[in-house]
Structures are given as C-alpha cells and as structure tokens.
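Let's walk through how this fold is put together, one piece at a time. Keep the viewer open and follow along.

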Amino acid sequence: MAVGDKPYRLYRGGRKKGRVPLSSTSRPPTQPRRAPGPPKRRRWGLWAVLAVVGLLLLAVLWGALGYRSVASGVDEANARLPKNAKAQLARRDRSLLSEPTTVLVIGTDGGRRPGRADANRSDSLLLLHLDPGTHRTSYLSIPRDLRVEIPGYGSSKINAANQMGGPALTLATVKALTGLPIDHVVVVDFDGFEELIDAIGGIDVNVPKAILSNRFDCPYKPKRCADWKGWRFEKGVQHMNGRRALVYSRIRTNQLDPSDSDITRGNRQQIVADAVGNEIASFGTFLRLPFMGGDLAAPLATDLSAWELAQLGWVRFRSGSSLRCRLGGEPTTIGGESLLLGSEDNVAVISMWLGRTAPLPPPKGTLYGAGCTRR
C-alpha cells in the first residue's frame, strides 16, 4: 500500500467503511404542504354568475336603445294629435302600473288609396280598460252605426263625429255615451294600421270559423276582379300581414254565415287588437326594437308618452285574462239611412266592462245584442 493511502474513502456526509454507495438512500427534506385551492365547482359558479350579470347588463342596454328608438317616434306621434283632443282627456296624476286606465282607440277610414283622401269617419271605435289590480284587459266595441247624440250636431251615427270634428269630437261623443272619463287616445287610419302590423312582422290570428267576404277592395286587376268571389279566411290560426289583418277587421258580411254583421266584426277587431298587443310584447319584437322602435309609433297619433306606453305594455303583458264586450241595439232605417238604435242593455254592459257586475253574454238568437264574454 502506498504511503498516504487509507483503507477507506471519504465522501460528503462523513466516513463509512465499505464501498461508497452509488446513490443516496437518505430522504429529501420534507416540503411544507400547500393549502388546498378552491374547488373547480366554485370557479365554474363564479363564471356562471359573471355570465348572468353580463346578460342582464346587455338586456338593460338593449332595452335602453329600444326605448330611445320608440321615444323618437312617440314624440312625433304626440305632435300629430290635435290640441283640442288632448283637452278632452282626463287629467290624472297617477301611475298606470297601479291604477286602472281607459284608452280609446279610433280607427279611421282615411288613407292614401283612391277615394280615401278626404275620408275621416271612425270605422272602428274600441275602448280598452286595463286594470293592474285584477290583471285583466277589457275590450268594449262601439258599433259605428250606433245612433247617438253628437255634442253640437244632434243625433247621428257615431262614426260621423270624427268626420265632423276629428278626434276631439269623437272623444266628447264617447264620453257622453258612456258617462266615463277617458284617460288616453290612439288614432290610426287604414294605411297606418297596415304599416303598424307590417312593422312588427305580422300577427297570428285564430280565426274561429271560415269566412268568405263580400266583394270589397279587390286586390287584383279589373279583369280578374270581375270573377273574384271575395276575401277568404280558413278556420284556424293564420299569420296575417297588415293588409289581410285590415281586411279581416273590416268584414261586415260573411257569405258562409248570414249571422255575421257589423256587430260581430267588433269581435274580430278585438281579436286583432289582442294579437297586436301580444306581438308587440313578444321577445322577438324586443330584439328588433332598437332598429324599428320608431316604426311602431310612426302610423299613430296619441297623447301617450313613451314611458306611459311602456307601462301599458307591462300591464298588458301581466294580464292573465281578458273580457270582450260590445254595445248593441235594434237595427232600423231613418231617412233612408240604416243605423242602430241603442238598447237599455248597453248601460249594463258598461258596468260589466268596468268589472262592477258579472259579465253576461249577448242574448241567444239576437244578431245585434249587447253583452260580454270572458277569454
């Protein structure tokens, strides 16, 4: 053994006899354990909450844009209503969300088509009573041929009031007839009615029975109109554009059912009005509102502000039921003019319409009877 050699080897960690180990058998120092992180479920829950909040903010922003679009059109609609008509309305400082509201809808026979430039009679008179307390929307149709006292003009058909003095005189006449204050008014002519329904993409109407109308407003050229039988509507749900919805509302004669008359068409007008309300309050219209909100008010003349229309829309949306009423009378002819003499039942019907008494349907076997039905 050479001088200086030792019978053992030195290595880090101290001296040990025998062969030097090729790998360390000692345990590494124990690492401190980390605190357990939050479960993945909590992270997904956080993302879900953020997504919901984002959608709500988007909906609020979208609604604000839609409201602004509607408001611009409503301002113009307010300007189109004559000041003397506004003077006929009840002045009530109250919320439409908490108190009953009465609205008169006047549909005139004017328009841009030939022969209608000077027409301004009320082809349709519909009173709406919206009560947020009972969650019910009530409709009351007033026959256009009903003979009434027109203030300052004497006895005549009620539809003549609008021709004589515009919406102001119509409001005064309806108030005198019903004995009720009217809170708001909406005026629309034939063309505006079509434009409103086309603006919302049409409406779905459940036609209770097949109809073949008399021949009016033929949509074809004169040669084809000579053999045309009239407007046809099959029984069942149908999607109608503005033109067909207007025709459906105006039909006075059904060749398939002689019991249809000017009185029963009031029910069709209520069905159409209900369908328009449903479509305006639909989610699809909400999505399109920022782009076409102004088109909704463009055909109208009204005193209602954009905020009041929004309140009425909410009350209408929450309505769980509807009541459909009509005034009636006895048909007669005076001076060669066909008209309707009002009956005493009309007073009772107004009470039913307001919810003061139980509704009763029109008497069976009468074509022109007054009454109410629940829907």
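## Helices on the seven-stranded sheet

Start with helix α10, residues 345-353: it lies across β3, β4, β5, β14 (321-326) and β17, and runs at about 160° to β5. Keep in mind that this is a predicted model.

The strands under α10 belong to an open sheet of seven, ordered β13-β8-β3-β4-β5-β14-β17, with mixed pairing. At the edges stand β13 (301-302) and β17 (371-374), each with a single partner strand, so one side of each has no neighbour in the sheet. Over at the β13 edge, two bridges tie that strand to β8 (residues 184-189), and the two run antiparallel. One spot to click on is V186, whose bridge partner in β13 is T302. Helix α3 (residues 160-178) packs on this sheet too, touching β3 (101-108), β4 (122-131), β5 (136-142) and β8, with its direction at about 145° to that of β3.

## The four-stranded sheet

There's also an open sheet of four strands, in the order β7-β6-β16-β15, again with mixed pairing. Its edge strands are β7 (154-157) and β15, which each pair on one side only. From one strand to the next, the twist averages 50°. Four bridges join β6 (residues 146-150) to β7, and the pair is antiparallel; E149, for instance, has S155 as its bridge partner in β7. Helix α3 turns up here as well: it packs on the sheet by touching β6 and β7, and its direction makes about 90° with that of β6.

At the other end, β15 (residues 329-334) and β16 (residues 337-342) run antiparallel and are joined by six bridges. G329 has G342 as its bridge partner in β16. Two residues sit between the strands of this hairpin, and G335 takes a positive phi near 60°.

## Two disulfides

How many disulfides does a search of the whole structure find? The search turns up two, and they follow the pattern 1-2, 3-4 when bonded cysteines are counted along the chain.

One disulfide joins C218 to C225, with S to S at 1.9 Å. The angle about its S-S bond is -95°, making the link of C218 and C225 left-handed. C218 is partly exposed, with a relative accessible area of 25%, whereas C225 has 13% and counts as buried because the cut-off for buried is under 20%.

The other disulfide joins C325 to C372, with S to S at 2.1 Å. The torsion about the S-S bond of C325 and C372 is about 115°, so this disulfide is right-handed. The pair links distant parts of the chain, with C325 in strand β14 and C372 in strand β17, 47 residues apart. C325 and C372 are both buried.

## Nonpolar cores

The largest nonpolar core has 44 residues, and I203, V205, F233, M240 and Y248 touch the most other members. Leaving out residues up to four places away in sequence, F233 touches a list that includes V207, I211, M240, V247, Y248 and I251, along with K209 and R244. Another core, of 36 residues, lies apart from that one; among its members are L104, A301, C325 and L340.

## A look at K86

K86 sits in helix α2, which spans residues 83-86. Is K86 buried or partly exposed? At 36% relative accessibility, K86 counts as partly exposed. Beyond its neighbours within four places in sequence, K86 is in contact with N78 and L81. K86 and P167 are 81 residues apart in sequence, yet their C-alpha atoms are 9.1 Å apart in space.

Definitions and conventions
Residues are numbered from 1 along each chain as its sequence is written. This is a predicted model: local features need pLDDT of at least 70, side-chain atom pairs count only at pLDDT 80 or more; totals for chains, interfaces and linings use all residues. Side-chain values use heavy atoms; hydrogens and water are left out. Buried means under 20% relative accessible area, exposed over 50%, partly exposed in between (1.4 Å probe, protein chains only). Contact means heavy atoms within 4.5 Å. A nonpolar core is a set of buried Ala, Val, Leu, Ile, Met, Phe, Trp, Tyr and Cys residues joined through side-chain atoms within 4.5 Å. Two strands pair if DSSP finds at least two bridges between them. Axes are lines fitted to C-alpha atoms, for helices over the stretch in contact, and angles run from 0 to 180 degrees between N-to-C directions. A disulfide is a pair of cysteine sulfur atoms within 2.5 Å.
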